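The following report describes strand pairing, charged contacts and aromatic contacts in a single protein model. Please read it alongside the sequence and the coordinates.

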Amino acid sequence: MSDEQHMRAALALAARGLGSTWPNPSVGCVIVRDGRVVGRGHTRPGGRPHAETEAIRAAAGHTRGATAYVTLEPCCHWGRTPPCTDALIASGIARVVVALRDPDPRVDGEGLQRLRDAGIEVAVGLLEEEARRVNAGFVKRLSQGLPMVTLKLATTLDGRIATRTGESQWITGPEARRLAHALRGAHDAVMAGSGTLLADDPELTCRLPGYAALPTVRVVADARLRTPLAARLFNSEAPAWIATAPGGDRAAMAALEQRGAELIDVPPAPGGGLDPAALLRALAAKGITRLMVEGGARLGASLLRAGLVDRLAWFTAPALMGGDGRSGLEALGVERLAQMPRLSVTARRPAGDCWLVEADVIPAKLAPD
């Protein structure tokens, strides 16, 4: 097998940890000796042990003279675990192939240099863009102080999420809903607006076996503290965070905290609701790297208007509702075609009788005329 094939295997391992390693990145490592894979590892839940030490342990002493394929530059600082550079050096590995340099200022090239100083051959940049995509949330949090945001929509073919009377369950079928749960499990947190909470009373949990080794954080954007104390959100042990404007009703705050919610102060937006950029910065400050926004035509539109959505996951059901149905997005304020957020489709796949289209979002200011 080639270097590229081994790195692709390491990237597949890294993808397994998405949603469970935050605030740390999810890294994959494959160790090859004499053409044979002797060890594999990926970052474990909570961010430790790291992928390199897991792969070295799995190799069971067969690392001397081997090559390690790592999706992110090995760490060189002490945290809750010793530096991975030290473990690689001590193992006798002769060559390390790295996909992506670590943007963490505590590392950022220092890990590579330590390996070179120890006489280890180092190659950097193999499948770099693929590795950047896997850890887009980690990179964005470090570089911009924001999580990577995936906006998930589930609509009819004409973009409706509920009838004019508010009935919405279920527009999509069971296969699509299972796939939506899998998407939840690959994100650190799932967020909905208070309107969605009042209309649908969702749990916002990932309820698929094998997913979410760490419980997915549930976030409600609730500027007016409308979250009901009897909401199903509180029936799970998974963390529940309520983002709200400061200066709200103290009794309501205390009651929500007594139900287990953690309140996060976010400044209001001029037109009402919460400031979307401030909301995302607050979540990133708490360690969230990958955020899935699942509910609220107003919430989704506010994030799109602000250019804060990175990816779209759109489930469409083979049905039509018409103009009196409720739209999946509120007004974006588009007056000219050049103002539309554009999409770069990355995948299309069936989900029962529905379809899932996944796309990268190009903010309107970057969209071509």
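In this predicted model, Thr150 has Arg311 in strand 13 as its bridge partner. That pairing belongs to the contact between strand 6 (residues 148-156) and strand 13, which run parallel and are joined by 7 bridges. Strand 13 is also joined to strand 16 (residues 354-362), in this case by 6 bridges and with the two strands running antiparallel, and within strand 16 it is Leu356 that stands opposite Phe315. Of the 7 residues of strand 13 (residues 311-317), 6 are buried, so this strand is largely enclosed by the rest of the structure.

Strand 1 can be described in similar terms. Because 5 of its 6 residues are buried, strand 1 (residues 28-33) is largely enclosed by the rest of the structure. It runs antiparallel to strand 2 (residues 36-42), to which 6 bridges join it, and Gly28 has His42 as its bridge partner in strand 2. The hairpin formed by strand 1 and strand 2 has 2 residues between the strands, and in this hairpin Asp34 takes a positive phi near 55°. Strand 1 pairs with strand 3 (residues 67-72) as well, in the antiparallel sense and over 4 bridges, with Val70 of strand 3 serving as the bridge partner of Cys29.

His42 appears again among the contacts of a buried acidic residue. Glu54, which lies in helix 2 (residues 51-59), has a relative accessibility of 12% and therefore counts as buried, the cut-off being under 20%. When residues up to four places away in sequence are not counted, Glu54 touches Arg40, Gly41, His42, Arg44 and Pro49.

The structure holds 19 salt bridges in total, and three of them are set out below with the distance between nitrogen and oxygen.

| Salt bridge | N to O distance |
|---|---|
| Arg8 and Glu4 | 3.2 Å |
| Asp108 and Arg101 | 3.1 Å |
| Lys286 and Glu262 | 2.5 Å |

The salt bridge of Arg8 with Glu4 is set within one element, since both residues lie in helix 1 (residues 3-16), 4 residues apart, which is about one turn of the helix. Arg8 counts as partly exposed because its relative accessibility is 39%, and Glu4, at 37% relative accessibility, counts as partly exposed too. In the salt bridge between Asp108 and Arg101, the relative accessible area of Asp108 is 37%, so this residue is partly exposed, while Arg101, with a relative accessible area of 45%, is likewise partly exposed.

Where do the partners Lys286 and Glu262, whose side chains meet in a salt bridge, lie in the chain? The pair links distant parts of the chain, with Lys286 in the loop between helix 10 (276-285) and strand 12 (290-295), Glu262 in strand 11 (residues 261-265), and their positions 24 residues apart. A relative accessibility of 30% makes Lys286 partly exposed, and Glu262 counts as partly exposed with a value of 34%. Beyond these pairs, Asp3, Arg95 and Glu121 are linked in a network of salt bridges.

Lys286 also takes part in a contact with an aromatic ring, for it lies over the face of Trp241, at 4.7 Å from the ring centre. A comparable arrangement involves Arg177, which lies over the face of Trp170 at 4.4 Å from the ring centre.

How many aromatic pairs does a search of the whole structure find? The search finds 1 aromatic pair. The rings in question are those of Trp22 and Trp241, whose centres are 6.5 Å apart and whose planes stand at 85°, so the pair is edge-to-face. This pair links distant parts of the chain, as Trp22 lies in the loop between helix 1 and strand 1 whereas Trp241 lies in strand 10 (residues 240-244), the two being 219 residues apart. Both Trp22 and Trp241 are buried. Trp241 thus has two partners described here, having its ring paired with that of Trp22 and Lys286 lying over its face, while Lys286 in turn meets Glu262 in a salt bridge.

Terms used:
Residues numbered from 1 in each chain as written. Predicted model: local features only at pLDDT ≥ 70, side-chain atom pairs only at ≥ 80, totals over all residues. Heavy atoms only, no water. Buried < 20%, exposed > 50% of the residue type's maximum accessible area, 1.4 Å probe, protein only. Contact = heavy atoms within 4.5 Å. Salt bridge = Lys/Arg side-chain N within 4 Å of Asp/Glu carboxyl O. Pairing = 2+ DSSP bridges. Phe/Tyr/Trp six-rings, centres within 6.5 Å; stacked < 30°, edge-to-face > 60°. Lys NZ or Arg CZ within 6 Å of the ring centre and 35° of its normal.
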